[in-house]
Amino acid sequence: MSDPILTVHNLQKKYGDHEVVKGISFSVKEGEVFGLLGPNGAGKTQTISMLTGVVEPTDGTAVIGGCDIRKQMGEAKKINGLVPQDLALYPTLSARANLNFFGRIYGLRGKDLKERVEDVLRVVSLADRADEPIENYSGGMKRRVNIAAGLVHQPRLLFLDEPTVGVDPQSRNHIFESVQRLNRERGMSIVYTSHYMEEVEMLCDRVAIIDNGEIIALDTIPNLIAILGGGVIHVGLHQADETLLAQIRALPSVKQAALAPQSIAPLPDGDGAASPTAHPIVKVEARKSQETLVELLRFFNECDIQVASLKILEPNLENVFLHLTGKKLRE
Ligand SMILES: Nc1ncnc2c1ncn2[C@@H]1O[C@H](COP(=O)(O)OP(=O)(O)O)[C@@H](O)[C@H]1O
Ligand SMILES: [Mg+2]
């Protein structure tokens, strides 16, 4: 098996006393689409910025294609491409002219430059509108030019930082297709950051879940979802004490039961408006969610305990995050 294309060793970033990336380590295999999933402010952009030489690490390092970023950033930059959320494009120039400019920065000239620019325009499906000035483009089309700019020097590893934020649905689909094609047809390794679990579930082979500058879980998507085990049920009660929790734990199909931090609950119904709850929430880890649900309801009924709310967490990354942190990915 080939060496990882990227190995991150205890990478850290501090601003004064504020530690925004807390010594993280992970590696990305050649040919892999690797996700960095976390809420706003988790440290995704700071991590990618250190790996691509935009900001200096406070401590730790990384090796990209055999090059140590603390010693050989110039070499590392030839191997990787960065697609930041915002890239300065010349608004009055066409996509083709902008890409020619980026290609020249990488030392491309003449026929090579022309071939590379035409290739990346095709990758992002902008070849037919490549001569219009960028200022006529939608936000999504501009983002696709950013992606093309990150590809012009044929990197082996591409960093995409939340490429779909603020993008129209059509461009979003183009972006997903480009990512999948680059990976499958050209074997490009990709690091994809997002706070949308759907995107990461669809595109990524493995995912690091990042919160507060730390990786709190890292695995394939099925293995991450397996953290939820036989299912998790959140039960809102009017009161809950240790005795009651012990009784719940004693039910045959219950694996674990604990009080959720008061702040989480009344579990969002999709519109994201989680208001503080007045009642405690018991997080029940089930051996088999269906069976556990029946047992729980029978138990509450027999004890004459009123249930204020009930939610079975679907097995997805959003709920893995909720389960691990007590927070939602998107506030
Ligand atoms: N130049 C800076 N100075 C101080 N703090 C910063 C700076 N840049 C980012 N941060 C802080 O670092 C944390 C992580 O930011 P960032 O990596 O941009 O998060 P994400 O990309 O996951 O949304 C945030 O708390 C942010 O406020
Ligand atoms: Mg960011």
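Trainee: What stands opposite Tyr 192 in β8?
Mentor: Gly 35 does. Keep in mind that this is a predicted model. On the β7 side, Leu 160 also stands opposite Tyr 192.

Trainee: What makes β3 and β8 count as paired strands?
Mentor: Two strands pair if DSSP finds at least two bridges between them. β3, residues 33-37, and β8 share five bridges, so they pass that cut-off. The sense of the pairing is parallel.

Trainee: How do you know that β7 pairs with β8 too?
Mentor: Same test: at least two bridges are needed. β7, residues 157-161, is joined to β8 by five bridges, so this also counts as a pair. These two strands run parallel.

Trainee: What makes the unit of β7, α6 and β8 right-handed?
Mentor: Look with the strands pointing away from you: right-handed means that the path from the first strand over the helix to the second runs clockwise. Here the path goes from β7 over helix α6 (residues 169-186) to β8, and the β-α-β unit is right-handed, so you should see a clockwise turn.

Trainee: How do you know that β8 is mostly covered?
Mentor: Buried means 20 or more other C-beta atoms within 10 Å of a residue's own. In β8, residues 189-194, six of six residues are buried, so each of them reaches that count.

Trainee: Which residues point which way from β8?
Mentor: Ser 189, Val 191 and Thr 193 go one way, while Ile 190, Tyr 192 and Ser 194 go the other. That fits the general rule: in a regular strand, side chains alternate between the two faces of the sheet. Both sets are buried here.

Trainee: Now helix α3. How do you know where its buried residues lie around the axis?
Mentor: First, who they are: in α3 (residues 95-105), the buried ones are Ala 95, Arg 96, Asn 98, Leu 99, Phe 102 and Gly 103. They span an arc of only 160 degrees around the axis, which puts them on the same side of α3. That buried set packs against α4 (110-123) and α5 (139-151).

Trainee: What makes Arg 104 and Ile 105 exposed?
Mentor: Exposed means 12 or fewer other C-beta atoms within 10 Å. Arg 104 and Ile 105, on the other side of α3, are in that class, so neither has over 12.

Trainee: What follows α3?
Mentor: Gly 107, with a positive phi near 85 degrees.

Trainee: And how much of the whole chain is buried?
Mentor: Buried residues make up 37% of the 331 residues. The chain has 11 helices and 14 strands.

Definitions and conventions: Residues numbered from 1 in each chain as written. Chains lettered and ligands numbered in written order. Predicted model: local features only at pLDDT ≥ 70, side-chain atom pairs only at ≥ 80, totals over all residues. Helix = DSSP H or I, 4+ residues; strand = E, 2+ residues; numbered from the N terminus. Arc of directions from axis to C-beta. Contact = placed C-beta atoms within 7 Å.
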